[in-house]
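Here are a few exercises to work through with the model open in your viewer. Try each task before you read its solution.

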Amino acid sequence: MLNIYTNRKDISNMQIIDLNDIYFIGCTLKDDKFTRLVLSDIDCADYFDENNYTSKRTGVCNLYKNTLSTGAKTLLNIYYHPDVCFNVCECGNNVFKLLPLIQEGNILWEYPVSFGNGYTDQCKVFVHGREFHSWIKLITYLREYAAK
């Protein structure tokens, strides 16, 4: 289940990562469906190997994984390390639309102002003691929460 925390005071049992770019330095890319989707959708790229990706942009070849966007690194951090909590404050709608696809992980979403439309409405998310299986219902709840 993807756990969403809206206040860092509620996170006492795990590490919180605010600097996703730095944390990602220690990661290697996995050759799986989700990684390929993140690379393609967020950075217009294809998986090459555990340390490199190939840009789909004309004139650019293989690039080192640390040159990925912060959004791509954040999504992959959440996916690769479900026992750590990652701050999503630097992420935009392109990242939030992929969050419903993550089945296990933890995020700190202190300022839920950007929501995105997911690829799917189905999700498995836990926030404020409630479990959500619909991304639309979760977003509606978070919008109401943010308005308070």
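**Exercise 1.** Locate Ile25 in the chain, then find the nonpolar surface patch that includes it.

*Solution.* Start with the secondary structure of this predicted model: Ile25 sits in the loop between helix H1 (20–24) and H2. Next, look for its partners on the surface. Ile25 forms a nonpolar patch with Leu19 and Ile22. Together, the three have about 320 Å² of accessible area.

**Exercise 2.** Work out how enclosed helix H3 is, and what it packs against.

*Solution.* First, count the buried residues: H3 has eleven residues and nine of them are buried, so the helix is largely enclosed by the rest of the structure. Then list them: Gly71, Ala72, Lys73, Thr74, Leu75, Leu76, Asn77, Ile78 and Tyr80. Note that Lys73, Thr74 and Asn77 are among them. Finally, check the surroundings. The buried residues of H3 pack against S1, H1, H2, strand S6 (85–87), H4 and S7.

**Exercise 3.** Take Leu75 and trace the nonpolar core around it.

*Solution.* Leu75 is found in helix H3. With a relative accessible area of 0%, Leu75 falls under the 20% cut-off, so it counts as buried. Now gather its contacts, skipping residues up to four places away in sequence: Phe34, Val38, Ile42, Val95, Leu98, Leu99 and Ile102. Widen the view to the largest nonpolar core, which has 39 residues; Leu75 and Leu99 are the ones with the most contacts inside it. Strand S1 (2–5), helix H2 (33–43), strand S3 (45–49), helix H3 (70–80), helix H4 (93–96), strand S8 (122–127) and helix H5 (135–147) each supply at least two residues of this core. Apart from it lies another core, of five residues, including Tyr5, Ile11, Met14 and Cys85. To get a feel for the spacing, go from Leu75 to Ile11: they are 64 residues apart along the chain, and their C-alpha atoms are separated by 19 Å. As a general point, nonpolar side chains tend to be buried together in soluble globular proteins.

**Exercise 4.** Is Asn106 buried or exposed, and which side chain makes a polar contact with its own?

*Solution.* Place the residue first: Asn106 is in strand S7 (residues 105–108). Its relative accessibility is 6%, so Asn106 counts as buried. Then look for the polar partner, which is the side chain of Asn3, at 3.0 Å. Last, add the other neighbours: beyond four places in sequence, Asn106 also touches residues including Tyr5, Met14 and Cys85, along with Ile78.

Terms used
Residues numbered from 1 in each chain as written. Predicted model: local features only at pLDDT ≥ 70, side-chain atom pairs only at ≥ 80, totals over all residues. Heavy atoms only, no water. Core = buried A, V, L, I, M, F, W, Y, C linked by side-chain atoms within 4.5 Å. Buried < 20%, exposed > 50% of the residue type's maximum accessible area, 1.4 Å probe, protein only. Helix = DSSP H or I, 4+ residues; strand = E, 2+ residues; numbered from the N terminus. Contact = heavy atoms within 4.5 Å. Patch = residues over 30% accessible without salt bridge, like charges linked within 9 Å, V, L, I, M, F, W, Y side chains within 5 Å. Areas by Shrake-Rupley, 256 points an atom, 1.4 Å probe, with all protein chains shown as cover. Salt bridge = Lys/Arg side-chain N within 4 Å of Asp/Glu carboxyl O. Polar contact = N/O pair within 3.5 Å; in protein donor to acceptor, adjacent residues only side chain to side chain.
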